[in-house]
Each structure stands twice: as C-alpha cells, then as structure tokens.
Amino acid sequence: MKVHFHGTAAFEGIPSLFCHCETCKQAKVLGGKNIRTRTSVLIDEVLKIDFPADTLHHSIRDSVDMDKVRDLLFTHSHSDHLYPEDLLIRAFGYAQFNEEEELHLYGHDLPIKHCSQLLATERHRFQFHNLKPFETVHTQTATITPLLANHDPKETCLLYLIEKDGKTIFYGHDSGWFPKPTWDWLKGKKLDLAILECTTGNAEQCDGHMNVKDTLKTRDWLVENHVMQAEGRIVVTHFSHNAHLLHEDLVQIFEQSGITVAYDGMQLEI
Ligand SMILES: Nc1ccn([C@@H]2O[C@H](COP(=O)(O)O)[C@@H](O)[C@H]2O)c(=O)n1
C-alpha cells in the first residue's frame, strides 16, 4: 500500500500567512522539508483523507491525478481539513470528464451537510455517506471504521481505522488524548502503520491536540497493548508553527523512538 503525505501542517501552514515568528522566518530561508501545507494523505492514489484548500497545490506539486480518487474521508469540518468550495471544481461545467464515475464522500453529519448543501444546485458526480463512530463501512476502495477523536466539542470529530489489501492503518489526527471508547476499540487490533499527530510540540497546554509527551505515550500504549510491535511503523504529522520546531528538531525528538517525521510529499510503502 502506498501512503502519500500531501500536507503535514496544522491550520496555519508553515511558514504561516501573516506570521513573522522565528520558525516561519527560518522555514522560508531553509525551505525543503520545513515547508508544510495543510494536512492530507492519499492512499494508493484512490483513497484520500481530508480536502484542504492546498489540494490544488498538492496536485500540481506531486502530479496527482485527483480524478483517480474514488473515496474521500473527512476527519472534521474545520477549514484546514475541508474546503468544500473546491469540490465544486468537480461539478459539471467546471471539470471536463471522459467518464461518469462518482466520487464518494464520507464523514459525520457536519462535513456531509456542508458538501451536500454547497453542491445541491449543481449537477455533480458525488455520493454522500454519513458515518457513525465505530460503525464499519465498506467503501469502494477499503474497509473503514470511524473512531472518536478528542478535538472540538462542537462536532463529532473522527479518526479512522483503514483496512486495505491485508494491511491496517490507524489515522490519528486531529485529537488530544483519545476518548476511552477509542482506546477500548483499538485493543485487540493489529496495525501495520499508525499516523499520529504532534501539533503542539513541547508545549504543556494542548487541548484537542497532542504534544510530544502525548505522542510518545500513545506509541507506548500501542506497543504495551500489542496493537503494534515495538519496531512497528509510526509516522507523526500535523505540526504547528507555534510549536517552534523545524523538521530537523522534530527528527531529533522522535528518532530515538523509531518514529518517522512526515514531510510534504513523503511517500511510503507498507
Ligand atoms: N491546544 C491548541 C490548539 C490550537 N493551537 C493553535 O491552533 C492551531 C491548530 O488548531 P486546529 O485545532 O484548528 O487544528 C495550531 O497550529 C496552533 O497554532 C494551539 O496552539 N494549541
């Protein structure tokens, strides 16, 4: 299975619009893996998680054929994860198509409501699917189970367990320490890859997100509960410029735990 990290930043991106913090200044000078756009991942070119406004940039930067994507999963409705206006680009009259295949959209009530309302007056090729936490769904490309995140009390934010071609991925941002039902549900599972977040770096305060301590504690929990082997593949993503950590700082923090720090454009095979 090919996992392609399109974007690896939190809401503001790095360097962030309007920001003159040292991290943003250094990221501009150093470039490369320090440049981070809003978080999204593409699996095997057909299953995409989240749809930020940076998707056009991702498709140009990495030569992604977005029309190959069959299933689009949303974690929640915040604008750095769902920019529904750009889905209009796939409606009739905007994109030119050779075929009539539908793109299936999956999320809880709010993202699906935003997308369906926006597209209601258009002729389009979308199908909408309302997900319920812990109810497994067979999509066109994978078997997915939405799990509860601890992120925004105003909506039901989701994490995902994704099973495809005999491999299992846990997709785990945006969330602070997971709600108990999610930990309970993960017990007994076997993961080939866990994608975790570390939005706030070394900050102590991290409501709705994880800091370095939480990310490492999550890794330990996964290993202690035999959900992952000690040498199992863990990738960390969704970084904020307000954590004030450049890519190499993050690599130093996580390399002794065997955790890979994602960067924009990174691809891995599991
Ligand atoms: N506990 C937190 C929460 C947020 N931030 C800042 O917000 C940005 C991301 O927020 P989202 O919840 O929209 O993903 C993040 O980049 C931080 O600047 C924070 O610092 N601490």
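A polar contact here is a pair of N or O atoms within 3.5 Å. Keep that cut-off in mind for the ligand. The model is predicted.

**Stop 1: the ligand**

Select the ligand and show the residues around it. There are 14 of them, and Glu 12, Asp 207, His 209, Ser 240 and Asn 242 come nearest. Colour this shell by class: 3 residues are nonpolar, 7 are polar and 4 are charged.

Now go through the polar contacts. Start at His 209, where a polar side-chain atom lies 2.8 Å from an oxygen atom of the ligand. Move to Asp 207. Here a backbone N or O atom lies 3.0 Å from a nitrogen atom of the ligand. Then pick Asp 174. One of its polar side-chain atoms is 3.2 Å from a ligand oxygen atom. Switch on the surface next. The ligand taken alone exposes 450 Å², and the protein buries 74% of that.

**Stop 2: the sheet from strand 7 to strand 13**

Hide the ligand and show the cartoon. Strands 7 to 13 form an open sheet of 7 strands, in the order 7-8-9-10-11-12-13, with mixed pairing. Select residues 137-138 and 259-261. These are strand 7 and strand 13, the edges; each has a single partner strand, so one side of each lacks a neighbour in the sheet.

Zoom in on strand 7. It runs antiparallel to strand 8 (residues 143-148), joined by 2 bridges. Click Val 137; its bridge partner in strand 8 is Ile 144.

Add the helices. Helix 6 (residues 247-255) packs on this sheet and touches strand 12 and strand 13. Its direction makes about 175° with that of strand 13. Helix 5 (residues 212-224) lies across strand 11 (193-197), strand 12 (233-237) and strand 13. It runs at about 155° to strand 11.

**Stop 3: the sheet from strand 6 to strand 14**

Another open sheet of 7 strands has the order 6-5-4-3-2-1-14, again with mixed pairing. Its edges are strand 6 (126-130) and strand 14 (267-269). Each has a single partner strand, so one side of each is left without a neighbour in the sheet. On average, neighbouring strands here are turned by 20° against each other, direction ignored.

Select residues 2-7 and 40-43. These are strand 1 and strand 2, paired in the antiparallel sense over 4 bridges. Click Val 3 and look across to Ile 43, its bridge partner in strand 2.

Finish on helix 3 (residues 109-119). Helix 3 packs on the sheet, touching strand 5 (103-107) and strand 6. The direction of helix 3 makes about 155° with that of strand 6.

Methods. Residues are numbered from 1 along each chain as its sequence is written. This is a predicted model: local features need pLDDT of at least 70, side-chain atom pairs count only at pLDDT 80 or more; totals for chains, interfaces and linings use all residues. Side-chain values use heavy atoms; hydrogens and water are left out. A residue is near a molecule or strand if one of its heavy atoms lies within 4 Å of it. A polar contact is a pair of N or O atoms within 3.5 Å; within protein, one must be able to donate a hydrogen and the other to accept it, and residues adjacent in sequence count only if both atoms are side-chain atoms. Accessible areas come from the Shrake-Rupley method with a 1.4 Å probe; for residues, only the protein chains shown count as cover. Ala, Val, Leu, Ile, Met, Phe, Trp, Tyr, Cys and Pro count as nonpolar, Asp, Glu, Lys and Arg as charged, and the others, Gly among them, as polar. Two strands pair if DSSP finds at least two bridges between them. Contact means heavy atoms within 4.5 Å. Axes are lines fitted to C-alpha atoms, for helices over the stretch in contact, and angles run from 0 to 180 degrees between N-to-C directions.
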